[in-house]
Amino acid sequence: MTSFPRSASLALAATLLAACASAPRERAAEAFYGTREPFASRAVYFVLTDRFVNGDPSNDHRDQGGANRTFDRPVPGGPPGRSDNIGYLGGDFKGLLDHAGYIREMGFGAVWITPIVDNPDEAFTGGDEVKWGGLFQDRGKTGYHGYWGVNFYRLDEHLPSPGLDFRALDAGLEAHGLKTVLDIVANHGSPSFTMPVDQPKFGEIYDAEGRLVADHQNLPPERLDPANNPLHRFFHTKRDLVQLSNLNDGNPAVMDYFVGAYSQWIAQGADAFRIDTIRHMPQAFWHAFARRIRAEHPGFFMFGEAFDTKAANIAPFTWAENANVSVLDFPLKEGLIEVFGRKRAGFEILLPRLYLTDGPYANPYELMTFYDNHDMPRMDADDAGFIDAHNFLFTARGIPVIYYGSEIGFERGTAEHAGNRNYFGVENIARARTHPIRERLTRIARLREATPALQRGLQINLLFEGDRAAFYRVLDDGGTAQIALVLLNKGDAPARFAIRERLQPGAWRAAFAGTTVTVAEGSALETTVAAHDVEVFLLDAAPTRPDLRAALRKAMTRKGRR
C-alpha cells in the first residue's frame, strides 16, 4: 500500500480548497446542497474513553470497591488467547489528549467520547452473571463505559487528572482541531434492583450540590411508590432495560435535571451530543429537551441512537415536530456489513438504503454513517474490506463515524463481552502508524476534509452494481461550487470506468493520481481504478449541464421527507 506523508496531504488539501474557492461565479441563483449543517464538515472518531489509553495511572483507583473491586475484571469462559474485561482499565482524559494528534492526523475533525458523569464505585452484584459473549448480563460489571450515571453534574473520578478536567480536555482537543461530541443519557441511570444487599450509589441520583434526589432503594419498579415517596418520583414503575432505572420522562423535574446537567457540560466545551437510547423515551421529551438546549445554544448539533434497522422506525426522530435531531444510520449500517464484510455482497445492496429522494428522513445528508460500534459485533472483514468501507463512507452522503481501533481492524468480528471493547493502548497506536487500513483511511478522510462537495454536496448516483460504484457529489451554494465524481472499486482486480452520463465538460482533476483529464462536450471520462481503491475527479465549477441540473433540482427538492 502507498503511504501518504502528512505534508503531502496538507498540500493536497490546500490546493483543493484554493481551487474550489476560486471557482467561477457565473451561475444561476439556484443553490444545490445536501446540507448546510456545519458539523457535516467533520468526520467523527468514536472513543470508549476507558479503553483508549491510560495516560495517568494515578486515577485508576485500583483498590476501589473492596470485595466488589472495579479495576480489571476479566470475563470468564473465553477461548484460548482471547480476552474481555468488565472492569476499569485506566483510559482517561490524559490518554486521549496525549494522542489527539494521532486522531487528528487521520483526518478526523471530532471525537465522540462516552459519558463522563459519575458512576457507581463498585461492581454490580445483581442481575445475571456476565459470561463470555453474553447479552443483557450485568452482574460483575462496572460503570467503566460511563452509561450508569448517578450524578450527571459530576465527572467520574477515573477520567480527570490535576489540571485536566473536562473543560481543559475540550480546550486541548480544540487546539488539535477536534470538536468534542459528548455522549449523553436521559433514559436511565444505574442498575437499581436485584442486588442481594443494596449497594452504595446503585439506583441513586444526585444533584449538582451532591444531594440525593432519587433512590430506587433496590426495589423492582413495580414496587416503587412515587405517590408517597419523593425519592421514587424520578422513576417509572415499569421495567425497561435489564435492571437499569427507568427514568420518568413525564416528571418535569427529570427534564429540568438533565437540561441543567447537560447545559453545564456545554458551558465547559461540549460541541455536540450523541443521545443514548433515544427511542426509549417519547418524542415529546426529546422535542422539549432539544428546544431548551437550542434556546441557549442555537443550532447545537445532536444525533440519537435508535437501535433499529428499519428507516421508518428511526426517521421520525429527525422530524422537526419530534426530537428534531439526526440519528445513527442503522439501516445503512446493516447494508455496509453485507457489502464490505465477509459476505462481499454487491454495491446494489446499498442503493435503496441511501434514501436520497422521497425518503422518511428530514435530511439523509445529516445522518451519522457507520459500520459498527460498542453495542454490536465489530465488522468482520479483511483489511481490504475495511479499506473499501472507508472509501465509501468518506465519499457518500452522511457524516462518517469510525469506532476506535477500526483503523487496524482491531478485534474484528468480536461482540460485547467477547473483545469488542478491549483496551487499545499505546502499543496499538504505534502499530497503527504503518498499518495499511490506517494509511488508506487517512488518505480518503483527508480528501473529504479538503473537499466541500464530499461534505455537503448532493449525491447523484450513476452506478451501484457488483464491485463498482459511481456517483456525483455536487455543491453550489454560498459562493462555493464544486462537482466531485466518485469511482469506487471493491473488487480484487482493476476496474474500468467510462463515465458519460450527465458529465460536464471541463478540466477534471484526479485527486489521488494528480492528473487532469480534459473532457469535451459529448465525450466520456475513461479511467481505471485499482483493486480495492477509489478515485475522485474534481471539477471546480458550477453545474451548467441541463440534465445534471435537472437531476440536482430533483435531488434538492425531494431529499427530505415530503
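This passage looks at a buried arginine, a largely enclosed helix and a buried aspartate in a predicted model. Local features rest on pLDDT of at least 70 and side-chain atom pairs on pLDDT 80 or more, while totals for chains, interfaces and linings use all residues. Residues are numbered from 1 along each chain as its sequence is written, and side-chain values use heavy atoms, with hydrogens and water left out.

We can start with helix α8, residues 330-340 (helices are DSSP runs of H or I with at least four residues, strands runs of E with at least two, numbered from the N terminus). Because eight of its eleven residues are buried (under 20% relative accessible area, 1.4 Å probe, protein chains only), α8 is largely enclosed by the rest of the structure. Among these buried residues are Phe 330, Leu 336 and Phe 340, together with Lys 333. They pack against α7 (311-314), β13 (368-369) and α9 (383-393), contact being heavy atoms within 4.5 Å. At the N-terminal end of α8, Asp 329 acts as a cap, with a side-chain oxygen 3.1 Å from the backbone nitrogen of Leu 332.

Arg 73 sits in the loop between β1 (44-47) and α2 (93-98). Arg 73 is buried but has no salt bridge (a side-chain nitrogen of Lys or Arg within 4 Å of a carboxyl oxygen of Asp or Glu). The nearest side chain of opposite charge, Glu 129, is 8.2 Å away. Beyond four places in sequence, the contacts of Arg 73 include Asn 68, Ile 86 and Thr 142.

Asp 477 belongs to strand β16 (residues 468-477) and counts as buried because its relative accessibility is 10%. Outside its neighbours within four places in sequence, Asp 477 touches Ala 31, Phe 32, Tyr 33, Arg 36 and Arg 456.

Technical notes. Buried means under 20% relative accessible area, exposed over 50%, partly exposed in between (1.4 Å probe, protein chains only). Lys and Arg count as positive and Asp and Glu as negative; His and the chain ends are not counted. A polar contact is a pair of N or O atoms within 3.5 Å; within protein, one must be able to donate a hydrogen and the other to accept it, and residues adjacent in sequence count only if both atoms are side-chain atoms.
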